[in-house]
Amino acid sequence: MKRVFFIMLASLLLVIATGERAPAQTVPIPSFQFGFAEASEPEEVATTLQIVFILTILALAPSILVLMTSFTRIIIVFSFLRHAMHTQQMPSNQILVGMALFLTFYIMMPVWKSINETAYQPYIAEEISFQDALKNSAIPLRKFMLKQTREKDLALLISMTSQKRPNNSDDVPITTIIPAFIISEVSTAFSIGFIIFIPFLIIDMVVACVLLSMGMMMLPPVMVSLPFKILLFVLVDGWNLLIGSVVKSFS
């Protein structure tokens, strides 16, 4: 046993001694520098401002995706469905958000395709300036939001400003269109959610009346009605009807 111990100790000392004689290898560490330098030409200042603007847009990208697209209506409708069925966290928030995101990409694809053809590609090809690219990219988005915005919501926000009444939709600033679009989307989503609640509410009322007539007042009606709600939703192909109705509401 002692012999084995001494052999292992000698091997360990040999490895340490060999490692000390080996030349140390330097590992390159990347460096990142960010600073300000004096611009030699005016074009450099314009490029810097464009980079700052792009970084600002990227920081606001989540808010733009949530509030300036169809995402708001879809996720609110999904939340209403889950609360109407009393399924707690099923489907989970991650699944609902993922479904809402992919449906948003599907619905907004014509708008983004138009922005790519009229703004992004000409700007990359240096056919138009950066300002013209911004104006061209705002046109398809304005059309989409105005189509989904209710007139009274738009009139409310216009009346709250000190600007003169616009002659047509092209004169309405986008800073007024965006909040009006958000209000309209929330109102439309709540209207759809009310319609979703009706059949599930009827099931809850029927189950509660049956349990009360049977004297089973200690049994929660939600526990009994949940399987019937799921069965009804599956038999009528609820996801197909719901998603089809939500997507068609944007057409």
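Is F78 buried or exposed? F78 is buried, at 2% relative accessibility, where buried means under 20% relative accessible area, exposed over 50%, and partly exposed in between (1.4 Å probe, protein chains only). Here are some notes on the rest of the structure.

1. **Ground rules.** This is a predicted model, in which local features need pLDDT of at least 70 and side-chain atom pairs count only at pLDDT 80 or more, while totals for chains, interfaces and linings use all residues. Residues are numbered from 1 along each chain as its sequence is written, and side-chain values use heavy atoms, with hydrogens and water left out.

2. **Overall fold.** The chain holds ten helices and zero strands, so defined as DSSP runs (helices H or I, at least four residues; strands E, at least two) and numbered from the N terminus. Its pattern along the sequence is α-α-α-α-α-α-α-α-α-α. Of the 251 residues in the chain, 25% are buried.

3. **Helix α4.** This helix covers residues 71-85. Because 13 of its 15 residues are buried, α4 is largely enclosed by the rest of the structure. Its length also checks out: at 1.5 Å a residue the 15 residues should span 21 Å, and the end C-alpha atoms are 21 Å apart, which agrees. The expected span is 1.5 Å times one less than the number of residues. After α4 comes H86, which has a positive phi, near 55°.

4. **A buried charge pair.** Three salt bridges turn up in a search of the whole structure, each a side-chain nitrogen of Lys or Arg within 4 Å of a carboxyl oxygen of Asp or Glu. One of them joins E185 to R73, with the closest N and O atoms 2.5 Å apart. This pair links distant parts of the chain, since E185 is in helix α8 (residues 174-213) and R73 in helix α4, 112 residues apart. E185 is buried, with a relative accessible area of 1%, and R73 is buried too, at 2%.

5. **R73 and a ring.** R73 has another partner to look at: its charged end sits over the ring of F250, 3.9 Å from the centre. The criterion is NZ of Lys or CZ of Arg within 6 Å of the ring centre and within 35 degrees of the ring normal.

6. **The other salt bridges.** K229 pairs with D204, the closest N and O atoms being 2.9 Å apart. Here K229 in helix α9 (residues 221-235) is linked to D204 in helix α8, 25 residues away along the chain, and both residues are buried. D153 and R150 also meet through their side chains, at 2.8 Å from N to O. D153 is buried, with a relative accessible area of 6%, whereas R150 is partly exposed at 31%.

7. **Aromatic pairs.** Nine aromatic pairs are found in the whole structure. Rings of Phe, Tyr and Trp (its six-membered ring) pair if their centres lie within 6.5 Å; planes under 30 degrees apart count as stacked, over 60 as edge-to-face and the rest as tilted. F78 and W239 have ring centres 5.9 Å apart and planes at 80°, so this pair is edge-to-face. With F78 in helix α4 and W239 in helix α10 (residues 238-248), the pair ties together parts that are 161 residues apart in sequence. W239 is partly exposed, at 30% relative accessibility. The rings of F80 and F190 are edge-to-face as well, because their planes are at 80°, with centres 5.0 Å apart. F80 in helix α4 and F190 in helix α8 tie together parts 110 residues apart in sequence. F190 is partly exposed, with a relative accessible area of 47%.

8. **Aromatic cluster.** F78 and W239 also belong, with F200 and F233, to one aromatic cluster.

9. **A nonpolar surface patch.** F194, I195, I198, I202, V206, V210, M214 and M216 form a nonpolar patch on the surface, with about 760 Å² of accessible area together. Patches take residues with over 30% relative accessible area and no salt bridge, joining like charges within 9 Å and nonpolar side chains (Val, Leu, Ile, Met, Phe, Trp, Tyr) within 5 Å. The areas come from the Shrake-Rupley method with a 1.4 Å probe, and for residues only the protein chains shown count as cover. I202, one of the patch residues, lies in helix α8 and is partly exposed at 46%.
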